[in-house]
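Please look through the sequence and the structure shown below, keeping both in view while reading. The paragraphs that follow take up charged side chains and then cysteines.

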Amino acid sequence: MKITEQIKQPIAYEMELFEQKFLLAMSSKVALLNRITTYIVNRKGKQMRPMFVFLVAKMIDNGQVSERTYRGAAVIELIHTATLVHDDVVDDSNRRRGFFSINALWKNKIAVLIGDYLLSKGLLLSIDNNDFDLLKIISVAVREMSEGELLQIEKARQLDITEAVYYDIIRQKTATLIAACCSLGAASVKPNSPDVDTMRKFGELIGMAFQIKDDLFDYGSEAIGKPTGIDIKEQKMTLPLIYVLNTCTKKEKSWLINSVKNHNKDKKRVKEVIAFVKSNHGLDYAVNKMKSFQAEALKLLDGYPESQFKNSLVLMVNYVIERKK
């Protein structure tokens, strides 16, 4: 059995019901909108985010979920989908999960409007049901994701990212949404309990590990087969590169910065940068940091009784850093 199926097993019923509720939450009186939202739903990814919501809720409330849990999972998926649709417009990307993106099929104007529609649907789902605590969790996540993206753009122009700033960027850009999923799961069954904050921290740590793993893929993996160097081409400063910049000689540092700034489209030079980062322990350092975030996340689960839901969360944490793509 695939590991994702194994993780999903204890919440298979909830995930099936969630998919029906999610399609309903997206529905509209406009035929074009329904055509596009059906296209989105039929091309769903692994659905890690709703899985986090259900697993956390069931772990902390003896296998129980409520209607609020379903709404929390739907809100997070609506908002996440909205950000992906907008991201594809911003990045001028024509593919998403191997399929054509919304902007490739229906052009940018419609894609932006679809993103706005999904965002408002998510907010209204919370407001109409007086889930104001859930709405606050998700709104903070949206604000932080925007700030993280803008901070990364600002820093990429100067290439002056310290390790601390890098953690700030990935916490806001990636970890904040997984943190929101986990705290939503807890808040949906035990509002205002200490679990809400514990699970937020748990999700944040997984998100940090998840992003570092993504950064490592830029230096090649078995699944990708060869180094990609996409982050270097886009002048994105990731942990392996930041570490090496801070530990190499002055001369090497100026060569590295010059390579990323002025030769980032030169395939041979990008390959040299990748080789240099590898030979100067940039990857080893990033792997160790990723594993320390993983260990910290798993430690937070120690306080909860053994259950199949807890086991699935442990599997999920390990899957995040062991995945091949």
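How many salt bridges does a search of the whole structure find? In this model, which is predicted, the search finds twelve salt bridges, and a few of them can be followed residue by residue.

A good place to begin is Arg68, whose side chain takes part in a salt bridge with Asp131, with 3.3 Å between the closest N and O atoms. The two partners come from distant parts of the chain, 63 residues apart, since Arg68 sits in helix H5 (residues 67–90) while Asp131 belongs to the loop between helix H6 (102–128) and helix H7 (132–158). Both Arg68 and Asp131 are buried.

Arg68 also meets the side chain of Asp133 in a salt bridge, at 2.8 Å from N to O. Because Asp133 lies in helix H7 and Arg68 in helix H5, this pair ties together parts that are 65 residues apart in sequence. Is each of these two partners buried or partly exposed? Asp133, with a relative accessibility of 27%, counts as partly exposed, whereas Arg68, at 18%, falls under the 20% cut-off and therefore counts as buried. These contacts belong to a network of salt bridges in which Arg68, Arg71, Asp131 and Asp133 are linked.

Elsewhere in the chain, Asp214 forms a salt bridge with Arg323, and the closest N and O atoms of that pair are 3.0 Å apart. Here again distant parts of the chain are linked, with Asp214 in helix H9 (residues 194–217) and Arg323 in the segment after helix H15 (308–322), a separation of 109 residues. Asp214 has a relative accessibility of 29% and so counts as partly exposed, while Arg323, with a relative accessible area of 8%, is buried.

The cysteines remain to be considered. A disulfide is a covalent bond between the sulfur atoms of two cysteines. How many disulfides does a search of the whole structure find? The search finds zero disulfides, and Cys182 serves as an example of the reasoning. The cysteine sulfur closest to that of Cys182 is in Cys181, and because the two sulfurs are 6.2 Å apart, they are too far from each other for a bond; the cut-off for a disulfide is a pair of sulfur atoms within 2.5 Å. As for accessibility, Cys182 counts as buried because its relative accessibility is 0%, and Cys248, with a relative accessible area of 17%, is buried as well.

Key
Residues numbered from 1 in each chain as written. Predicted model: local features only at pLDDT ≥ 70, side-chain atom pairs only at ≥ 80, totals over all residues. Heavy atoms only, no water. Buried < 20%, exposed > 50% of the residue type's maximum accessible area, 1.4 Å probe, protein only. Salt bridge = Lys/Arg side-chain N within 4 Å of Asp/Glu carboxyl O. Helix = DSSP H or I, 4+ residues; strand = E, 2+ residues; numbered from the N terminus.
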